[in-house]
Amino acid sequence: MLRPSTQRYSVTRPLYSEDTFEDEHAKVYRKHKRLLDHFIQYFTCTSERAKNTAVSLLPIIGWMKIYSIKDWLLNDIVSGVSTGLVAVLQGLAYSLLASISPWYGLYAAFFPVIMYFFLGTSRHISVGAFPVLSLMVGAVVTRLVPDEGLPANITAFEGLTKDEQRILVSASLTFLVGLFQLGMGLLQVGFIVMYLSDTLISGFTTAAAVHILVSQLKFVLGLTVPGFSGPLSIIYTLKSLFTQITSTNIHDLVTSIVVMVMVLGVKEINDRFKSKLPVPIPIEVIMTVIACGVSYAFNFSENHGVDVVGKIPNTFESPIAPSLQVFQMTAVEAFPIAIVGFSVAFAVAKVYSVKHDYLIDGNQELIAFGASNIFGGAFKSLAASTALSRSAVQESTGGKTQIAGLLSALIVLVVILGIGFLLEPLPKSVLGAVVIVNLKGMLMQVVTVPYLWKKDRPDCIVWVGTCLAAIFLGLDLGLAVVLTDLQFALALFSVFLNLRQIYEPEGVKIFRIPSPIFFANIDFFRDKLKDAVGFNPLRILRKRNKAVKKIKKMIKKGELTLTSEFQINATCSMPIEESEDESNMEDLDKPTDYSDLPIQVNWSADLPANIRVPPVNIHSLILDFSGVSFLDISALKGLKAALKEFIRVSVDVYIVGCDPYIIEKLRNCKFFDDEIKTSIFFLTIHDAMLFIHESHPPKTVSEEKFSVGLICFIFCRT
């Protein structure tokens, strides 16, 4: 992309004092709004603003207007049925983590989904029980209503059985979690998730996976182990398990091993042949059906002492009012549960929103999950978030919108009211085995530790410290360790707001970053960079790739012919409509493939058949890194992705004033490749501009004015 230059330069300029410099180069002042101006703007109501507010609070209005029954409905039906079957099984399994009766997990796959259908902004996540959240709820439940000993002194417990007391605690806690999330959403604090870095979340979820694994061993081994909570609870649980190991129920153990081996094997087949399989093989559902049949045929419960799911009511239980005493005794745990549930759901939603090119709103997601948990808590549901495996099923089976989620809720409804009795002989060891198998992704995150140790030791220490703290101190205190990084993040993030603009020649954008770049501000950096250049390079790349594919198709069909060199002529007058198929969305993010195209596409000129691609009004982008003293692994990934997006739309990127330490770190972390080369780094803006001037000679600016321009963006201030 770049060629080395031996050109030298010297700069001659007049001697400036502050006064003479300001006389020749006036400062650019920005008009700041007064507090009263903000107040008037906030409370001014117009019809357009009322419409936008309605769409914002009810996102269903936005996507229902573009819903294509012909193209999307069948996909949503297939996805909804597949997701519903998985949601039933995971609902039963994850309720065991919360130390409550299994069927209450089914409520988490029904009530919150209904509310999220109207209020959520993500079209692809599957709302319901999440193992980490269920385990955190279970720790609170067993603290207030222990397996052995008296429950907490709560007036609402009078006259209730132990199971009913636990349901009251779980439902009240879920309700309180919803209140916290709804309150944060109304206060517009959805940005809080950016302070939970990938490293911190990875360490925390790995610790949670270890807790979940240990908690499920009692079901796999068929042992009775009391619930422990608080610091070192995992040690006490393991001690209790090993003291009873000789009492293992061999039928539970063999059943669990068979289920785990089969599920792991078929999941590996699903991953390896996912491009050839129309839908993933629902092995968990298949093994559940087989286990139910075997358990019923051989009467595992009575003949072999196997603990089974038992009676599942074929009706919904009456809603209950939450207990204020439970609120008072669980507020400390409810807040971290609210943060974890939202941050995980938002992270998953963000992945699919980027893949399918639509926007999600963090504040609206808080409101949606808050309302969902309040609604679900009133009907004895578990705290709801999303699970990556379940969301992956909904997306990979072709789900386009939350209609798939609504249909999955209907599948759960059928199970609750109609065929739930078929699951009564299901051994709990099977549910435990399913939970353990689904921990594979979280447990495998431990392989990142050696990489972090070699590439970024501070991040490695954070990962290991967070993981160990959450394992031995408990998930709630472990999250407190995660949030201790918040104050540091806020301090650096506030510095990053100090953006400065300087003189820019035509076709060149200069963007200065006056602070470290790290996990908390990398998204902010990318958003501000897009605002500065005035376009989203990823969207333009996708439109260009769609246009090239369309031109190739038209040439092949004879609808587009060559009239002269590098010119094209369309023989059809009707515009070609863009396909709504998103199955190849990942291909649209790759560099534009001009092979087999006998013409040179000029993206600044009119294209045939009314194909429209937004223009790119710059040819070069200069990033001033003179103020960047630190760059972590998370930011490195985001920076690399941002640079590639610009390079792939033919914008040359240059980085100037970069600290040698950062360049060395980029080399060690394999930042450079065929697209991003070390030759993009220059010592100063002046060096980069001379190179750009050589590569893109100005058409209307004289050499004299260009020299003056160089002096301006070296010395000009705002």
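Where is S68 found? Select S68 and you land in the loop between α4 (60–65) and α5 (69–97); helices (H or I, at least four residues) and strands (E, at least two) are DSSP runs, numbered from the N terminus. Before going on, know that this is a predicted model, where local features need pLDDT of at least 70, side-chain atom pairs count only at pLDDT 80 or more, and totals for chains, interfaces and linings use all residues. Residues are numbered from 1 along each chain as its sequence is written, and side-chain values use heavy atoms, leaving out hydrogens and water.

Stay on S68: with a relative accessible area of 19%, S68 is buried (under 20% relative accessible area; exposed is over 50%, partly exposed in between, with a 1.4 Å probe and protein chains only). Now add D71, whose side chain makes a polar contact with the side chain of S68 (3.3 Å). A polar contact is a pair of N or O atoms within 3.5 Å; within protein, one must be able to donate a hydrogen and the other to accept it, and residues adjacent in sequence count only if both atoms are side-chain atoms.

Next, jump to the sheet. Its 4 strands are open, in the order β3-β6-β7-β8, with parallel pairing (two strands pair if DSSP finds at least two bridges between them). At the edges sit β3 (508–512) and β8 (681–682), each pairing on one side only. Select 620–624 to see β6, which is joined to β3 by 5 bridges. One residue to click is K509, whose bridge partner in β6 is L621.

Last stop: C292 and C467. C292 is buried at 8% relative accessibility, and C467 is buried at 7%.
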